[in-house]
Amino acid sequence: MSQRSFNLATGIIFAIIAIIHLIRSILGWDVLVGGVSISIGISVIAFLVTTLLSYSAFRLNNKQ
């Protein structure tokens, strides 16, 4: 796998994860991990982080 295709695949995966976190934040879906409820604030932070990672992967892909 070339670096360009790796960056593209990584960017797409992080973008999908970011969209899922955004949808969860908007719709208020409950998530339980080991019986513990995960706050919506965690999804907001995860949305910001995965959006940044996705943007960085696409930007690296365009530089090559």
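These legends go with a set of close-up views of one predicted model.

A word on conventions before the views. Residue numbers start at 1 along each chain as its sequence is written. The model is predicted, so local features need pLDDT of at least 70, side-chain atom pairs count only at pLDDT 80 or more, and totals for chains, interfaces and linings use all residues, while side-chain values use heavy atoms, with hydrogens and water left out.

**View 1. The whole chain, an α-β-β-α pattern along the sequence.**
The chain holds 2 helices and 2 strands (DSSP runs numbered from the N terminus: helices are H or I with at least four residues, strands are E with at least two). With a radius of gyration of 14 Å, well over the 11 Å from the globule rule for 64 residues, the chain is more spread out than a compact globule. That radius is taken over C-alpha atoms, and the globule rule is 2.2 Å times the number of residues to the power 0.38. The C-alpha trace spans about 45 × 20 × 15 Å along its principal axes. Just 17% of the 64 residues count as buried (buried is under 20% relative accessible area, exposed is over 50%, partly exposed is in between, with a 1.4 Å probe and protein chains only). Of the contacts with a separation of 6 or more, 62% link residues 24 or more positions apart (contact means heavy atoms within 4.5 Å). The accessible surface adds up to about 4,600 Å², with 75% of that on carbon and sulfur atoms (Shrake-Rupley method, 1.4 Å probe; for residues, only the protein chains shown count as cover).

**View 2. Confidence along the chain, with a mean pLDDT of 94.**
Here pLDDT is the predictor's confidence in each residue, from 0 to 100. A score of at least 70 is reached by 98% of the residues. Strand 1 (residues 32-33) has the lowest confidence, at a mean of 93, and helix 1 has the highest, at 96.

**View 3. Helix 1 and its buried residues, packed against helix 2.**
Helix 1 covers residues 3-27. Its 25 residues reach 36 Å from first C-alpha to last, close to the 36 Å expected at 1.5 Å a residue (the expected span is 1.5 Å times one less than the number of residues). Buried in this helix are Asn 7, Thr 10, Gly 11, Ala 18 and Arg 24. Just after helix 1, look for Gly 28, which takes a positive phi of about 70 degrees.

**View 4. Helix 2, from its cap to its buried residues.**
Helix 2 (residues 40-63) has 24 residues and reaches 35 Å between its first and last C-alpha atoms, close to the expected 34 Å. Ser 39 caps the N-terminal end, with a side-chain oxygen 3.0 Å from the backbone nitrogen of Gly 41. Further in, Ser 43, Ala 46, Thr 50, Ser 54, Ala 57 and Asn 61 are buried. An α-helix has 3.6 residues a turn, so residues three or four places apart point the same way. The buried residues of helix 2 pack against helix 1.

**View 5. Ser 43 and its partners across the helix pair.**
Ser 43 sits in helix 2 and, at 3% relative accessibility, counts as buried. Setting aside neighbours within four places in sequence, Ser 43 is in contact with His 21, Arg 24 and Ser 25. The side chains of Ser 43 and Arg 24 make a polar contact of 2.7 Å (a pair of N or O atoms within 3.5 Å; within protein, one must be able to donate a hydrogen and the other to accept it, and residues adjacent in sequence count only if both atoms are side-chain atoms). From Ser 43 to Ile 20, 23 residues apart along the chain, the C-alpha separation is 9.0 Å.

**View 6. Leu 60 and Lys 63, two residues of helix 2.**
Leu 60 is partly exposed, with a relative accessible area of 47%. Its C-alpha lies 9.6 Å from that of Gly 11, although the two are 49 residues apart in sequence. Lys 63 is exposed, with a relative accessible area of 61%. Lys 63 and Arg 4 are 59 residues apart along the chain, with their C-alpha atoms separated by 9.4 Å.

**View 7. Val 31, in the loop between helix 1 and strand 1.**
Val 31 is partly exposed, at a relative accessible area of 31%. Leaving out neighbours within four places in sequence, Val 31 is in contact with Arg 24, Val 36, Ser 37 and Ile 38.
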